[in-house]
Amino acid sequence: MRVGQKNGLVYQWAKKGTRPRQPKDQRYANAYVFGAICPARDTGTALVLPYANADAMQHHLDDLSRCVAAGAHAVVTLDKAGWHTTRRLHVPPNISLLHLPPASPELNPTENIWQYMRQTSLSNRVFRDYDDVVEVASSAWNKLTAEHGRIASIGTRSWTEISQGP
């Protein structure tokens, strides 16, 4: 997810008949949140990085590999961004990448995490500089992961559950 000074605006409550002002920054300092969630364990891991490229994705996969429970295997759903599909990636043995069809963000529960973070922590604000973008993005992720049950409630989809059988 890109977070930056050219950020989005979301709806806000206001008294009828008023038009509240919303800040809109025109500068371009950005950071990228590379994150993954495990709704079953109500946990996630993320890195806030300066670029979205193959090197950043490799760093994310290596970090994610260390977070996978011992004896478990993670399936990571991804869109087909260039840094998700490059042959330069060395996917750790405890991770499989599942590339989703084009224009189907509703199939990736992490997209709902990004939407939630934007609506609750990242929109309607002006960042001082790049360091402020990184600090706010990191704080938003930490706030999300500290809230018991939030990742599970946002990321759980009944159609994604795999049963072991009777």
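**The largest pocket and helix 3**

In this predicted model, the largest pocket has a volume of about 1,300 Å³.

Trainee: Which element gives the most to the lining of the largest pocket?

Mentor: The largest pocket is lined by 48 residues, and I37, V75, V76, T77 and T110 lie nearest its centre. Elements that give two or more residues to this lining are strand 2, strand 3 (43–49), helix 1 (54–67), strand 4, helix 2 (82–85) and helix 3. With seven residues, the element that gives the most is strand 2.

Trainee: What distance separates the end C-alpha atoms of helix 3, and what span should its 14 residues have?

Mentor: Helix 3 runs over residues 109–122, and at 1.5 Å a residue its 14 residues should span 20 Å. The distance between its end C-alpha atoms agrees with that expectation, being 19 Å.

Trainee: How wide an arc around the axis do the buried residues of helix 3 cover?

Mentor: The buried residues of helix 3 are P109, T110, I113, W114, M117, S121 and L122. They lie on the same side of helix 3, because the arc that they cover around the axis is only 155°.

Trainee: Which residue caps the N-terminal end of helix 3, and which takes a positive phi just after this helix?

Mentor: At the N-terminal end, a side-chain oxygen of N108 lies 3.1 Å from the backbone nitrogen of T110, and N108 is thus the cap of helix 3. Just after the helix, a positive phi of about 55° is taken by N124.

Key
Residues numbered from 1 in each chain as written. Predicted model: local features only at pLDDT ≥ 70, side-chain atom pairs only at ≥ 80, totals over all residues. Heavy atoms only, no water. Helix = DSSP H or I, 4+ residues; strand = E, 2+ residues; numbered from the N terminus. Expected span 1.5 Å × (residues − 1). Buried < 20%, exposed > 50% of the residue type's maximum accessible area, 1.4 Å probe, protein only. Arc of directions from axis to C-beta. Polar contact = N/O pair within 3.5 Å; in protein donor to acceptor, adjacent residues only side chain to side chain. 1 Å grid on protein atoms, 1.4 Å probe; cavity = no way out; pocket = protein on both sides within 12 Å on 5 of 7 lines; lining within 4 Å. Points joined across faces, edges and corners; volume = space filled by probe spheres on them.
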